[in-house]
Structures are given as structure tokens and as C-alpha cells.
Amino acid sequence: MAPLLRLLLPRAHFLATRAMSSSAYLIHEPKYAFLKDLGLQENNKGVYNGQWMGSGEVITSMCPANKRPIATVQQGTVQELDACVKAGQEAWQVWADMTAPARGEIVRQIGVAIRENLEPLGKLVSLEMGKIVPEGIGEVQEYVDVCDFAVGLSRMVGGSVLPSERPGHSLMENWNPLGVVGVITAFNFPVAVYGWNSAIAMVCGDTILWKGAPTTPLVSVATTKIVASVLEKNGLPGAISSLCCGGADIGTAMAKDERIPLVSFTGSTPVGHKVAMMVTERFGKHLLELGGNNAIIVDHDANVDMVVQASVFACIGTAGQRCTTTRRLIVHEKLYDVILERLLKAYANVLPRMGDPLDDGVLIGPMHSQQGIDGYLATIKQAQELGGKVECGGKVVEREGNYVEPTIITGLPHNSPVVHKETFAPISYLLKFSDLDEAIAINNEVKQGLSASLFTQNLGNVFKWMGPKGADTGIVNVNIPTNGAEIGGAFGGEKHTGGGRESGSDAWKQYMRRSTCTINYSKELPLAQGIKFE
């Protein structure tokens with residue numbers, strides 16, 4: 001496989017199917033009965049554009065908690081992707097003619113259908129991705145919440161009426177849908193990111209073409225089945241929300257396809273850069289949600305109990321595989337030893353609660369893939385070679401599945417190359433500072449700009465942190481973790497994080513095109529700026 005094609009697998013790589021007996025698949029075991037409740041089978045088609053198909057490679061979805069096969073999905077081909085794009089264009093002719101509130105009603109029904117499947121779909125996320133059930137269900141709840149937001153938005157999307165300098169003229173801005181929007185999502189949030197994009201884009205009048213991560217295809221299929229059932233019930237074209245599971249060939253084709261005016265991509269910064277170049281080359285629009293090297297700054301007046309509680313979730317949650325996971329803890333020198341001691345105790349208390357993410361009481365699930373474990377081990381080795389000290393963790397856990405120990409590393413300078421590198425694993429670096437301006441500079445010196453948080457009781461420092469000389473990230477928090485964003489605000493980051501915004505606030509503007517319209521309702525033709533051409 002060519003290097004570019006390898007890169008275009010968002011944060012993941014797929015596993016080719018091998019011959020195995022039907023009894024080997026988890027879908028047939030009683031513990032996983034929820035899979036069939038979602039309409040999944042042992043063998044599933046991975047392409048939908050009003051009808052289910054798929055003639056590409058058959059892949060086996062593997063459970064990261066036990067490395068056992070769940071079920072298979074037959075991916076799409078580039079030819080089937082082309083059929084999805086054409087069907088999406090045809091469906092757009094119907095969808096764009098509907099009023100925005102009418103589209104909002106369909107999205108409302110999708111939210112209801114997702115809510116009715118909240119637990120089974122959340123469990124599927126846990127089984128296939130590896131996050132614990134409360135996080136899996138919470139992710140699906142995000143899709144429900146953004147549907148609620150989009151319903152309200154469907155009655156509020158509007159332009160502006162501006163004063164015209166010309167008598168008898170009206171000047172206004174008008175927003176219209178783009179057409180077929182391509183959505184490429186990553187393994188770590190296989191439902192929520194699709195929901196952020198699709199719910200908003202749909203009320204805006206766009207149709208959706210989704211390529212999920214190759215290692216979470218069952219989530220993509222199950223989610224699409226729920227959405228398709230709502231469209232079918234309302235007599236609408238299924239291609240309003242199409243799916244084409246696949247690898248790098250599908251992602252590359254979407255990025256290069258001029259019929260897809262916007263490509264929303266979530267994944268690593270190197271891959272996102274290549275996607276952006278391909279989309280830009282054809283003058284398309286891209287929405288990028290890429291890497292993060294997120295930091296919590298702990299000032300001298302911080303509430304230590306809150307810091308420890310927030311840091312454990314921010315560093316360990318989802319086994320360190322969130323875009324918003326805290327990678328750097330920048331601690332004031334007066335609290336450094338206390339924070340380190342408290343964190344080591346907290347990590348030790350949490351470690352016994354590692355296990356099957358579907359089991360009650362588990363707080364630490366597995367890494368998603370062997371690729372993630374390899375990155376974890378390589379980064380720890382590099383950190384040690386550069387003089388870092390592993391205070392806890394640093395090892396692969398000897399048990400079934402892709403488990404590693406959450407790790408804290410000290411002794412490295414803030415500008416160490418390994419500290420500036422995002423590793424998608426539960427590794428955090430403890431850094432020291434003496435002055436808040438120094439801490440802000442350390443926060444901002446990395447290339448990524450997704451999320452950052454300051455723990456302080458000083459109101460003046462809060463506003464400095466939020467101001468023009470404060471954090472240069474897209475998400476700027478105070479006294480909460482770097483992760484766990486709500487859907488009401490726009491989600492995204494600056495610099496090498498890509499600059500895209502999804503979900504709430506005015507992120508809807510990314511899914512529409514703006515026109516400045518001047519209407520002359522007089523009998524005269526005055527020119528702007530008082531120009532006379534007579």
C-alpha cells in the first residue's frame with residue numbers, strides 16, 4: 001500500500017478478514033445480543049444510498065478488549081462511491097426544496113430514533129471502539145443533543161438585512177445549502193462526530209455522504225440503518241444520508257471529487273494536511289478537526305482536589321484516545337510535588353478498574369488497536385532516551401486485549417520534541433513553571449491548538465487566559481478538564497488542529513454558501529459610491 005493511502009486511514013488501520021467459523025463471531029454470543037437488536041448480522045453490506053450494497057473488500061471488525069472478531073462488513077468500491085455521490089445529488093433535488101423547518105422535523109425524528117437505541121448503540125461503540133459504556137452511551141447522547149439543537153436551528157438560520165446607500169435598494173445576505181457534503185470520521189468518536197456534521201448539515205439543506213473509520217464499520221452501518229429507517233418512514237430518498245465504508249481509496253476519491261463541495265475530515269494532522277491539499281487543489285471547502293496537544297495549567301492558587309479529579313479523567317479517559325485528552329500538565333512550582341504525589345495515588349487507585357469496557361465499574365478500557373500500542377511504546381522509549389522519568393505506567397498490561405498502563409512522565413523540558421508530539425495514548429508529561437505568562441507561553445508553543453484549561457481562583461488571570469495574549473486554542477477552559485465539550489459551542493481548534501468548527505454556535509455557516517443580494521425596487525439605477533457613468 002502506498003504511503004499516502006496508508007495515511008488516509010483516519011487514526012487507524014483495518015484488518016483484513018480471515019476464514020473463520022460462524023461460531024467464532026461475537027455477534028452470536030448472548031452477551032452481545034444488542035448487536036442483532038441494531039439490525040446487524042454476521043456479514044453486513046457497507047454501502048447505502050437508498051439500498052444496501054457493497055462489493056469491495058470484506059473486513060472483520062475486531063473487539064479491542066479481547067481481540068476477537070465481532071462481525072464482517074463488505075466495503076464499497078470507488079464505483080459504488082460514485083453511485084452514492086450521484087444518488088446524493090438526486091436526493092438533494094428533493095431535500096433542498098423542503099423548507100428548513102420541515103427538514104428540522106426529519107432531524108427531530110432521527111434524534112428520537114437514536115434516543116430509542118441509546119443503550120445498544122452505546123454498547124456497540126464500547127465493543128468496537130473500546131471506550132467504557134458510560135462514555136459510549138454519552139457519545140450517542142451527543143448525537144441526540146445535536147439533533148435537538150439542529151431542530152431549533154432549522155427555524156433560526158438566517159441572513160442579514162443591511163442598509164443600502166442607494167435609494168430604493170435593499171441589501172441583504174442570503175444563505176443556501178452546498179449540496180452533497182462528505183464526512184470522514186475517525187475511530188475514537190465513531191457516532192458523535194458524524195452526528196455533529198450530519199444533523200447540522202441536514203437542516204441546512206445538504207445531503208450527506210459518510211465514510212467512517214475502517215476499524216469501526218459496524219457503528220457506521222448500525223447508525224446508518226437508524227437514520228435510513230426515518231427517511232424511509234417519511235417517504236424520502238435514502239441518499240439524503242449515504243454511507244460508503246472503505247479504506248484510503250474511498251477517502252482519496254472523496255477528497256478529489258468536485259461534486260462534493262465540502263469535505264469534513266476528522267483524524268490526524270498529517271492526514272488532514274493531505275486531505276486539505278487535495279480538496280483545495282480543486283477549490284473545494286474543507287472542515288478539519290485534527291490533532292491536539294492539550295494542556296492543563298495549574299496555577300499556585302488552584303483547588304488541588306479539583307485539579308486531581310479533572311486530570312485523571314482528562315489524561316486517562318478513553319484510554320487517552322480523545323482529541324481533547326490532556327497531554328501536558330503545566331504545574332506551578334509551589335504545587336508541583338503535591339500534584340505529582342496526588343496524581344500517582346489517584347492513578348494507583350484507578351488502575352485496578354481496568355477491564356472489559358462493557359462491564360460495570362470499569363474506568364479504563366483498551367487501546368483501540370495494536371497500532372496505538374506501538375505508538376505508546378515508541379513514545380515512552382523516546383521520552384526515556386531524552387531524559388524523561390516514568391513515574392508510573394509505561395508498560396503493556398499482560399492480559400487479553402489491547403491494554404496499556406496510564407503513564408506519567410517527568411523530567412523533560414517543556415520544549416522537548418517528544419512533549420511537542422501528540423501520541424494518541426494515555427501518556428501525560430508533568431512540567432513546571434513559576435509565572436503564569438511563562439505557563440501560557442508553554443501552552444502556546446506547540447503546533448496544535450485544540451483545547452487548554454487553567455485552574456485558578458484569580459479572576460484577573462481568568463480573563464488574561466481568555467484574552468488576546470492568553471491561550472491560542474479553539475477551546476479555552478477554566479477549572480474544568482480539557483475534554484468533555486458540550487454541543488452548544490462550536491467545537492474545533494486553531495493552527496495544526498485545522499481551524500474547522502463543528503456542532504453548535506454558528507458552525508452551521510460551514511455547511512452553507514453565502515450570497516450578498518442587492519434588490520432594486522425603484523425606477524432608477526444609481527451606482528454605489530456615487531459614481532456617475534453618463
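1. A quick word on names before we start: strands here are DSSP runs of E with at least two residues, helices are runs of H or I with at least four, and both are numbered from the N terminus. With that in hand, Thr482 can be placed in the loop between β20 (475-478) and β21 (490-491). Do keep in mind that this is a predicted model.

2. Let's stay with Thr482 for a moment. Is it buried or exposed? Thr482 is buried, because its relative accessible area is 2%, and the cut-off for buried is under 20%. Its contacts beyond the close sequence neighbours (up to four places away) come from several parts of the chain: Asn294, Ala295 and Ile296, then Ala314, then Thr324, Thr325 and Thr326, then Ser451, Ala452 and Ser453, and also Asn477. For a sense of scale, Ala253 sits 229 residues from Thr482 in sequence, and the two C-alpha atoms are 34 Å apart in space.

3. The loop between β20 and β21 also holds Asn479. Have a look at its backbone: phi of Asn479 is near 60 degrees, a positive value in a residue that is not glycine. Most residues other than glycine have a negative phi. As for accessibility, Asn479 comes out as partly exposed, because its value is 21%.

4. Gln529 is another residue to check for phi. It is not a glycine, yet its phi is positive, near 60 degrees. You will find Gln529 in the segment after β24 (512-520). Its relative accessible area is 63%, so Gln529 counts as exposed.

5. Now for the seven-stranded sheet. It is open, its pairing is mixed, and the strands come in the order β3-β2-β10-β9-β8-β11-β12. Which strands stand at the edges? They are β3 (52-53) and β12 (285-289); each has a single partner strand, so one side of each has no neighbour in the sheet. Further in, β8 and β11 (residues 262-266) are parallel partners, with four bridges between them, and Gly182 stands opposite Val263 in β11. Helix α3 (residues 78-95) packs on this sheet, touching β2 (47-48), β3, β8, β9 and β10, and its direction makes about 155 degrees with that of β9. Helix α7 packs on the sheet as well, where it touches β8, β9, β10, β11 and β12; its direction is at about 165 degrees to that of β9.

6. Strand β9 deserves its own point. Residues 207-211 make up this strand, and five of the five are buried, so β9 is largely enclosed by the rest of the structure. Thr207, Leu209 and Lys211 point one way, while Ile208 and Trp210 point the other way, and all are buried. On the β8 side, five bridges join β9 to β8 (residues 180-184), and the two run parallel. Here Val183 stands opposite Trp210. To get from β8 to β9 the chain passes through α7 (residues 192-204), in a β-α-β crossover that is right-handed.

7. What does β9 do on the β10 side? There, β9 and β10 (residues 241-244) run parallel and share three bridges. Trp210 shows up again, this time standing opposite Leu243 in β10. The route from β9 to β10 goes through helix α8 (residues 217-233), and this β-α-β crossover is also right-handed.

8. There is also an open sheet of three strands, with the order β1-β5-β4 and mixed pairing. Its edge strands are β1 (43-45) and β4 (58-63), each pairing on one side only. From one strand to the next, the twist averages 30 degrees. Between β4 and β5 (residues 68-74) there are six bridges, and the pair is antiparallel; Val58 has Gln74 in β5 as its bridge partner. Helix α8 packs on this sheet, touching β1, β4 and β5, and its direction makes about 55 degrees with that of β5.

9. Last, the empty space. How many cavities of 30 Å³ or more does a search of the whole structure find? One. The largest cavity holds about 30 Å³ of space. Its lining consists of Asn293, Asn294, Ala295, Arg328, Asn443, Val446, Gln448, Gly449, Leu450, Ser451 and Thr473. Strands β13 (294-298) and β18 (448-449) each supply at least two of the lining residues. A link back to point 2: Asn294, Ala295 and Ser451 line this cavity, and they are among the residues that Thr482 touches.

Technical notes: Residues are numbered from 1 along each chain as its sequence is written. This is a predicted model: local features need pLDDT of at least 70, side-chain atom pairs count only at pLDDT 80 or more; totals for chains, interfaces and linings use all residues. Side-chain values use heavy atoms; hydrogens and water are left out. Buried means under 20% relative accessible area, exposed over 50%, partly exposed in between (1.4 Å probe, protein chains only). Two strands pair if DSSP finds at least two bridges between them. A crossover is right-handed if, with the strands pointing away from the viewer, the path from the first strand over the helix to the second runs clockwise. Axes are lines fitted to C-alpha atoms, for helices over the stretch in contact, and angles run from 0 to 180 degrees between N-to-C directions. Contact means heavy atoms within 4.5 Å. On a 1 Å grid over the protein atoms alone, a cavity is a set of points where a 1.4 Å probe fits but cannot get out, and a pocket is an open set with protein on both sides within 12 Å along at least five of seven lines; lining residues have an atom within 4 Å of a point. Grid points are joined across faces, edges and corners, and a volume is the space filled by probe spheres set on the points.
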